[in-house]
Amino acid sequence: MNYSDLYFVNSIDGLDEVNGVKYMTLFKHQPIDYTHNIEENQKHFLPVTIVDSIKVNRVYEGQYVFYDTKNKEFLNGNNDVRARKEVIYNNILRHSLYSSNFEENSYTPEKVYDSKSVSTYHVYVGHGNLSIIVLNNSEIWVIDCSLYDFMDSYKNYTNNFEECIRYIKDKHKIGDIKISKLLFTHMHYDHFSGALYLIQNKYFAEGEIWLNLYFSWSSQNYNLLLTKLKSMGNKIKIINPIKSNGNNILEIVYPDKIIKKRGQKINTGEETVPGNKINNASVLYKLNFNKKSLLFPGDLETKGWEKINHSAVSNSSYYCISHHGSFNGHLLNSNTNTTLAQWYTGGTAILMGRHNAYPGIFDNRVLADFTGRIYLNDQNGINSNPKFIELDWMTGIVRYH
Ligand SMILES: [Zn+2]
């Protein structure tokens with residue numbers, strides 16, 4: 001038994017439960033100096049391990065573990081001093097941001113207006129999501145921002161992002177790109193790994209961040225992000241991404257109440273993560289402009305979809321496919337075997353992610369269900385990989401770049 005290597009459990013399963021395949025992603029704990037050179041720190045961590053069909057019964061996402069190679073099982077590592085430090089540091093950061101920068105329930109947007117011109121850009125970042133929304137040729141929002149593919153040796157996709165930014169500046173005649181809203185679906189690395197890059201390069205220097213601050217998630221990469229956010233002082237405002245804080249432009253379909261923890265609900269009225277999986281804490285954002293709309297479900301899986309009123313989203317014009325095209329993100333109800341395509345019959349679908357990043361993505365059933373109306377930002381050699389997808393909301397035209 002090797003107690004020197006400590007791992008953070010990033011995810012368990014989540015891709016293709018129907019076929020009974022078990023996978024985990026783990027981040028190996030490494031010494032990090034949170035007080036200096038945060039961006040530098042991000043570059044040299046953290047290897048990931050995928051373990052197939054091992055004993056994971058007592059393991060949960062967000063836990064620190066040791067791996068016993070002999071018996072092929074995981075042992076609780078939460079009491080290790082390194083794990084305790086990360087958990088405490090995470091609590092301090094969240095509490096501190098909560099006290100100084102947080103809008104809980106009473107958020108009123110500075111301006112809510114319709115936009116006649118909307119284009120969205122979905123950047124190819126390997127396994128991960130990054131969408132840029134350009135409103136009225138001036139305002140810019142970003143939903144999820146991964147730039148490094150941790151499933152492929154942290155391959156760097158900043159070139160694709162920069163190319164997209166150049167295109168946006170040119171097309172929309174925007175001088176400096178200033179992101180005013182940074183919206184996160186959930187706290188997985190493949191949805192926020194590029195946030196430090198955006199901040200460091202002044203694309204996001206001030207504005208709103210929509211993020212679930214309540215949830216304890218003490219991965220080192222998340223602690224790096226929170227450290228950076230804390231250093232921005234009052235330039236940022238953190239908004240609680242719940243339904244009541246949304247509006248008719250930036251709508252939050254799910255969750256109603258903030259999801260505070262994993263585990264069972266014990267008569268506290270607090271929401272817990274459906275299925276105990278952080279993916280099911282993904283916020284379902286819906287953007288509504290000029291009678292068109294686009295859905296961003298992050299990595300919602302079946303147990304999360306079961307909490308959502310499907311009719312509230314079936315009329316959307318566009319849909320960014322959940323969970324990188326896994327079947328688990330596509331199956332809405334495991335009892336009725338309803339899939340998303342059965343109620344989302346009209347609109348265009350965009351699939352972000354890298355084909356075969358995990359076994360189970362892209363799932364052929366997902367691709368088949370959207371035949372003729374699906375656009376993939378990994379063409380898997382068919383059309384050479386595009387750097388980004390451009391969607392013009394008003395014409396509905398999708399272009400690869
Ligand atoms: Zn993801």
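Here is a quick tour of one sheet and one helix in this predicted model.

Residue numbers start from 1 along each chain as its sequence is written. Because this is a predicted model, local features need pLDDT of at least 70, side-chain atom pairs count only at pLDDT 80 or more, and totals for chains, interfaces and linings use all residues. The predictor's confidence in each residue, pLDDT, runs from 0 to 100; the protein averages 88, with 89% of its residues at 70 or more.

Helices (H or I, at least four residues) and strands (E, at least two) are DSSP runs, numbered from the N terminus. Here are the two extremes in confidence among the elements.

| Element | Residues | Mean pLDDT |
|---|---|---|
| Strand 3 | 48-50 | 68 (lowest) |
| Helix 3 | 158-172 | 98 (highest) |

Now the sheet: nine strands form an open one, ordered 6-14-13-12-9-8-7-25-26, with mixed pairing. Strand 6 (102-103) and strand 26 (398-400) sit at the edges with a single partner strand each, so one side of each has no neighbour in the sheet. Pairing takes at least two DSSP bridges; strands 12 (179-183) and 13 (207-210) have three, in the parallel sense. Leu-183 has Trp-210 in strand 13 as its bridge partner.

On to helix 2. Its 21 residues should span 30 Å at 1.5 Å a residue (counting one less than the number of residues), and its end C-alpha atoms are 29 Å apart, which agrees. Ala-83, Glu-86, Asn-90, Leu-93 and Arg-94 are its buried residues (20 or more other C-beta atoms within 10 Å of their own, with C-beta atoms placed from the backbone). On the other side, Val-81, Ile-88, Asn-91, His-95 and Ser-99 are exposed (12 or fewer).
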